[in-house]
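Q: Could you take one part of this molecule and walk me through it slowly? I'm new to reading structures, so plain words would help.
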Amino acid sequence: MTPEVLAENRGWLRAEGAIDDADIALLVIDATEGVTSQDQRLAERVDASGCPIVVMLNKWELIDDAEQRAEIEREVRRKLYFVDEAPLLKISALTGKGVHKLRPVLQEAIEQYSRRVPTRDVNRVIADAQQRQPAGHGLKVLYALQGATDPPTFTLFVNRELPAPYLRYLERSIREAFNFGPTPIKLRVRKRSE
C-alpha cells in the first residue's frame, strides 16, 4: 500500500468514527472537483447514521461561469440524491464568503433534530394522510407517537405490514406537517399482536 492510500484509509476511518459521534455533519466538497466517490460514501454513511447533513461547496469563488455553476449544483443533487433535502451552501474558505450562512442553517438543523411533537398532533397528521390517500387492502396505522429525538423517531402501530412506498408517503406527510426540513426522520413499524 502506498503512503497516499494508507493516509486516505486512515482519514476515512477517522471520518467514519466521527460520524458515529456527530449530532450534525458538514460535508465539504471541492466545487472545482465535484462530488467524488469518497464524498458519496461519506454522505451515505452520514445518511445511515441518522444525523442531519449540510453540504458545502467550497472554492465557489473559483467558478465564474453561471452555466458551470448550475451544472455543478445539478451534479451535486444528482450524485447525492439520497440527501436531497440537505441544505447546499456555496462558500469560500479562503475569503470567508458565504460562511456567515452556516450558523443559522446549523441552528435550524439542530432544533429540528431535537424537536418533540405531541402524540395527538402526530396522530392527527397520520389520520389526515390516511384519509387523503388510504393504503388500501385494509392496511391502516392504528396509532402513532414520537418515541425519540436525535433523530426524530416515530413509531407506527399498524394492523398489517405497510408497503415501503406508503411508509415514504407517511414520512413525507410528517416532514411537511412539522417542518422537519432536511432532518432525517426514522419510522418504526409495530404490528398489532393478534
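Which exposed residues sit on the face of H3 turned away from its buried side?

A: Sure! Before we start, keep in mind that this is a predicted model: local features need pLDDT of at least 70, side-chain atom pairs count only at pLDDT 80 or more, and totals for chains, interfaces and linings use all residues. Residues are numbered from 1 along each chain as its sequence is written, and side-chain values use heavy atoms, with hydrogens and water left out.

Now to your question: the face of H3 turned away from its buried side carries the exposed residues Ala66, Glu67 and Arg78. Here "exposed" is over 50% relative accessible area, "buried" is under 20%, and "partly exposed" is in between, using a 1.4 Å probe and protein chains only. As for the name H3, helices (H or I, at least four residues) and strands (E, at least two) are DSSP runs, numbered from the N terminus.

Let's look at the helix itself. H3 covers residues 66-79. Its 14 residues reach 20 Å from the first C-alpha to the last, close to the 20 Å expected at 1.5 Å a residue. That expected span is 1.5 Å times one less than the number of residues.

Flip over to the other side and you meet the buried residues of H3, which are Ile72, Glu75 and Val76. Looking down the axis of H3, you'd see these buried residues fall within an arc of 100°, so they line one face of the helix. (The arc is that of the directions from the helix axis to the C-beta atoms.) What do they touch? The buried residues of H3 pack against S2 and strand S3 (88-90), where contact means heavy atoms within 4.5 Å.

H3 also has some charged pairs along its length. One of them is a salt bridge between the side chains of glutamate 75 and lysine 79, at 3.1 Å from N to O. A salt bridge is a side-chain nitrogen of Lys or Arg within 4 Å of a carboxyl oxygen of Asp or Glu. These two are four residues apart in H3, so about one helical turn separates them. Glutamate 75 counts as buried, at 16% relative accessibility, while lysine 79 is partly exposed at 22%.

Another such pair is arginine 74 and glutamate 71, whose side chains meet in a salt bridge at 3.0 Å, N to O. They are three residues apart in H3, and again about one helical turn separates them. Arginine 74 is partly exposed, with a relative accessible area of 48%, and glutamate 71 is partly exposed too, at 42%.

Just ahead of the helix there's one more pair to spot. Lysine 59 forms a salt bridge with aspartate 30, and their closest N and O atoms are 3.0 Å apart. Lysine 59 lies in the loop between strand S2 (53-58) and H3, and aspartate 30 lies in strand S1 (residues 25-30), so the pair ties together parts that are 29 residues apart in sequence. Lysine 59 is partly exposed, with a relative accessible area of 33%, whereas aspartate 30 is buried at 16%. For the wider view, a search of the whole structure finds five salt bridges.

So, back to where you began: turn H3 one way and you find the exposed Ala66, Glu67 and Arg78; turn it the other way and you find the buried Ile72, Glu75 and Val76.

Key. Arc of directions from axis to C-beta.
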